[in-house]
Amino acid sequence: MLITVSQAHLSGENEMSVDSQRGIERHPSQTGLRGFIRRRPLLSFFVLANLMSWLAWAPYILSATGLGVLDFTFPSLLGTTQFAGVLPGAYLGPIFAAFIVTAIADGRAGLRRWVGRMLKWRVSWVWYLGTAVGVPAAIIVAGLAVSNEDIHMPPVAVLVAYLPSLLLQMVTTGLAEEPGWRDFALPRLQRKFGPLGGTLILGPLWGFWHVPLFLSEWGGWPNVTWLTVGEFVAFASVFSVIVTWVFNRTGQSLPLVMLLHVSVNNFMSLAYSDMFPSIATAEQTSHVTLIASSTVAIIILVATRGRLGYRKAEESTPEVAHQN
């Protein structure tokens, strides 16, 4: 049978239209909210992490432990209201957002990679020792410089409580945050923007996630200034350089990253004020952590020429879906 050129063209258009429609029917997950998450996993993660945490933190911020709008106080556990007021929002944000987005965007294979980094604890003992000792050492050196070497030995009770407190921080702060920021976001950001570029994006976003907490007891409210908040975000940005380097050099071991993170929290909350009573105010403490992290970050940047230990060949199989 003879078919004219115009008929063939029309027939082709009809077939393409039908195939396109069938394609949409075969891939319904590419439309709607699930489709958006698959196309924009990083954006979806950051939005969900902030939204869920901030909503969960709202009662804590509005209560007597914060702005005082609501007339109730969160219970104190182990001497702080943060377990009841802050921790639920921390768990609901980064780790839960990472789980949701990974499950939708990458399926079971992506979840296995995500969990695999969380379980990668078999790393040389040198890294564990270096992290556990190196963090306090860097802060102590910075504290000595700022305090004109006015340092005191911490009480025995602090030394006894140091390791149990560190383990508690691992399963609270470390587990709540790092499966999201470093396990989920950092590998994607490194593939897309490189190790330094990805870190310079992630660091401020990580710091920004904490900002609402400065309106509560966690951030020292009401004695908070914009300088305090800005200095914290700056600390999160430069400290992220160190975290990225440890993450890459240990083969993307999340337990090591968690230990690095909580070692700062643990030392500052438990031992710092006893060792440096003359510079124990919130403002001076912020200066010390920023100085210590900036110094180490600069050394790492110079030593690695900005590569931060990143080796693309060592990456796991990339997420099949979308990486932005």
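User: What makes up the lining of the second largest pocket, by class?

Analyst: This is a predicted model. In it, the lining of the second largest pocket has 15 nonpolar residues, five polar residues and no charged ones. Among the residues nearest the centre of this pocket are Val135, Ile242 and Leu260. Val, Ile and Leu count as nonpolar. Gly134 is also one of the residues nearest that centre. Gly counts as polar.

User: Which helix gives the most to the lining of the second largest pocket?

Analyst: That is α6, with eight residues. Helices α8, α9 and α11 each supply at least two residues as well. The whole lining has 20 residues. The volume of this pocket is about 350 Å³.

User: What is the volume of the largest pocket?

Analyst: It is about 1,600 Å³. The lining holds 47 residues, and those closest to the centre are Gln82, Trp218, Asn265, Met268 and Ser269. Several helices give two or more residues, including α4, α5, α7 and α11. Helix α7 has the largest share, nine residues.

User: How do the residues that line the largest pocket divide by class?

Analyst: There are 24 nonpolar, 19 polar and four charged residues. Trp218 and Met268 are among those closest to the centre. Trp and Met count as nonpolar. Gln82, Asn265 and Ser269 are there too. Gln, Asn and Ser are not on the nonpolar or charged lists, so they count as polar.

User: How many helices and strands does the chain have?

Analyst: The count is 11 helices and zero strands. From the N terminus on, every element in the run is an α.

User: Why is Leu87 called buried?

Analyst: The cut-off for buried is under 20% relative accessible area. Leu87 has 17%, so Leu87 counts as buried. Leu87 lies in helix α5. Over the whole chain of 324 residues, 45% are buried.

User: Which residues does Leu87 contact, leaving aside neighbours within four places in sequence?

Analyst: They are Gln82, Thr172 and Thr173. A contact needs heavy atoms within 4.5 Å. For Leu87 and Ala56, a C-alpha distance is given: 9.4 Å, with their places 31 residues apart in sequence.

User: Why is the pair of Trp54 and Phe208 called edge-to-face?

Analyst: The whole structure holds 18 aromatic pairs. In this one, the ring centres are 5.5 Å apart and the planes meet at 65 degrees. Two rings pair if their centres lie within 6.5 Å, and planes over 60 degrees apart count as edge-to-face. Both tests are passed, so the pair is edge-to-face. Trp54 is in helix α3 and Phe208 in helix α7, 154 residues apart, so the pair links distant parts of the chain.

User: Are Trp54 and Phe208 buried, exposed or in between, and what makes them so?

Analyst: Trp54 has a relative accessible area of 29%. Phe208 has 42%. Buried is under 20% and exposed is over 50%. Each value lies in between, so Trp54 and Phe208 are partly exposed.

User: What makes Trp218 and Phe232 an edge-to-face pair?

Analyst: Their centres are 5.8 Å apart, and their planes are at 85 degrees. The limits are within 6.5 Å and over 60 degrees, so the pair fits the name. Trp218 sits in the loop between α7 and α8, while Phe232 is in helix α8, so the pair ties together parts that are 14 residues apart in sequence. Phe232 has 19% relative accessible area, so Phe232 is buried. Trp218 has 25%, so Trp218 is partly exposed.

User: Where is Pro222, and what kind of peptide bond joins Trp221 and Pro222?

Analyst: Pro222 lies in the loop between α7 and α8. The bond is cis, with omega at about 10 degrees.

User: Why is Glu149 called exposed, and why is Leu308 called buried?

Analyst: Glu149 has 64% relative accessible area, which is over 50%, so Glu149 is exposed. Glu149 is in the loop between α6 and α7. Leu308 has 0%, under the 20% cut-off, so Leu308 is buried. Leu308 lies in the segment after α11. Phi is positive at Glu149, near 65 degrees. Phi is positive at Leu308 too, near 55 degrees.

Terms used:
Residues numbered from 1 in each chain as written. Predicted model: local features only at pLDDT ≥ 70, side-chain atom pairs only at ≥ 80, totals over all residues. Heavy atoms only, no water. 1 Å grid on protein atoms, 1.4 Å probe; cavity = no way out; pocket = protein on both sides within 12 Å on 5 of 7 lines; lining within 4 Å. Points joined across faces, edges and corners; volume = space filled by probe spheres on them. Helix = DSSP H or I, 4+ residues; strand = E, 2+ residues; numbered from the N terminus. Buried < 20%, exposed > 50% of the residue type's maximum accessible area, 1.4 Å probe, protein only. Phe/Tyr/Trp six-rings, centres within 6.5 Å; stacked < 30°, edge-to-face > 60°.
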